[in-house]
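Please open the model in your viewer and keep the sequence panel beside it, since each stop on this tour begins with a selection and then describes what is there.

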Amino acid sequence: MNRHRDLPLEQQQRALESEPGFRELPAQTQQRMRDQLSQLNSMKPDERSRFLERNEAMERLSVPQRQQVRSVAVQLASLPEDRRKAVRKAYRDLHTMPDAQRQQYMNSAAYRSQFNDQERGTINSLIAVEPLLSRFQSDPQQP
């Protein structure tokens, strides 16, 4: 996608469809890729860059690591929007803390009363996968 970024959308779509193996993909996957290309073209340059960096980071991971990251994304997406925002904020706050301070806060009554078991599990999972992606991302605070 990044290779053809300077071409008009129609030419990008033709380039995508001429990629080896594209035609062998299930129709649903082909359509999802076309939709992603359209979405990518509608993004602002900085959003596009972050999106492409995340995709490239995912490609560099092993299959089990990718599954772990996707699992965390599913966990996060399963939360109601207000709780998802709270979990993201907690992750960003915890991410910046030294390990000892983070552990102390995560063991506190205040933290336990603010987040239920599922939410705490999601935060723990976000913290666990962050090192997998931070090697490749310019902004590791974007879960």
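**Aromatic rings**

In this predicted model, begin with the aromatic side chains, of which 2 pairs are present in the structure. Select Tyr105 and Tyr111, whose rings form an edge-to-face pair with 5.3 Å from centre to centre and 65° between the planes; the arrangement is called edge-to-face because the angle between the planes is over 60 degrees. Tyr105 is partly exposed, having a relative accessible area of 29%, whereas Tyr111 counts as buried at 1% relative accessibility. Keep Tyr111 selected and add Phe115, and you will find ring centres 5.4 Å apart and planes at 50°, so this pair is tilted. Are Tyr111 and Phe115 buried or exposed? Both Tyr111 and Phe115 are buried. With Tyr105, Tyr111 and Phe115 displayed together, you have one aromatic cluster in view.

**Charged pairs**

The next stops concern salt bridges, and the structure holds 8 of them. Side chains of opposite charge can pair when their charged atoms come close.

Select helix 3, residues 45–60, and show the side chains of Asp46 and Arg50, which lie 4 residues apart in that helix and are therefore separated by about one helical turn. Arg50 and Asp46 form a salt bridge in which the closest N and O atoms are 3.6 Å apart. Both partners are partly exposed, Arg50 with a relative accessible area of 30% and Asp46 at 44% relative accessibility.

Move on to helix 5, residues 81–95, where Glu81 and Arg84 are 3 residues apart, which is about one turn of the helix. Their side chains form a salt bridge, with the closest N and O atoms 2.4 Å apart. Which of the two, Glu81 or Arg84, is buried? Arg84 is the buried partner, with a relative accessible area of 15%, while Glu81 is partly exposed at 39%.

Stay with helix 5 but select Arg83, and add Glu119, because these two residues meet across different parts of the chain: Glu119 belongs to helix 8, residues 117–134, and Arg83 to helix 5, so the pair ties together parts that are 36 residues apart in sequence. The salt bridge between Glu119 and Arg83 has an N to O distance of 2.6 Å. Glu119 is buried, with a relative accessible area of 4%, whereas Arg83 is partly exposed, with a value of 23%. For a further stop among the charged residues, select Glu17, Arg23 and Arg34, which are joined into one network by salt bridges that share partners.

**A helix pair**

Two packed helices are described by the angle between their axes and the distance between the axes. Colour helix 1, residues 9–17, and helix 2, residues 27–42, which pack at an angle of about 150° with their axes 11 Å apart. The crossing of helix 1 and helix 2 is right-handed. To see which residues make this contact, show Leu9, Gln12, Gln13, Leu16 and Glu17 on helix 1, and then Met33, Arg34, Leu37, Ser38 and Asn41 on helix 2. Glu17 and Arg34, already selected as members of the salt-bridge network, are thus among the residues of this contact as well.

**A buried arginine**

Now select Arg102, which is placed in helix 6, residues 99–106. Arg102 has a relative accessible area of 12% and is therefore buried, the cut-off being under 20%. What does Arg102 touch, once residues up to four places away in sequence are left out? The residues in contact with Arg102 are Leu94, His95, Met97 and Ile127, and showing them beside Arg102 completes this stop.

**The whole chain**

Finally, clear the selections and display the whole protein chain, whose secondary structure comes to 8 helices and 0 strands. Read from the N terminus on, the elements run α-α-α-α-α-α-α-α. If you colour the chain by burial, the buried residues make up 29% of the 143 residues. A surface display of the chain would show about 9,200 Å² exposed, with carbon and sulfur atoms supplying 48% of that area. Among the contacts in the chain with a separation of 6 or more, 58% are between residues 24 or more positions apart.

Technical notes
Residues numbered from 1 in each chain as written. Predicted model: local features only at pLDDT ≥ 70, side-chain atom pairs only at ≥ 80, totals over all residues. Heavy atoms only, no water. Phe/Tyr/Trp six-rings, centres within 6.5 Å; stacked < 30°, edge-to-face > 60°. Buried < 20%, exposed > 50% of the residue type's maximum accessible area, 1.4 Å probe, protein only. Salt bridge = Lys/Arg side-chain N within 4 Å of Asp/Glu carboxyl O. Contact = heavy atoms within 4.5 Å. Areas by Shrake-Rupley, 256 points an atom, 1.4 Å probe, with all protein chains shown as cover. Axes fitted to C-alpha atoms, helices over the stretch in contact; angles between N-to-C directions. Left-handed = near helix turned anticlockwise from the far one by under 90°.
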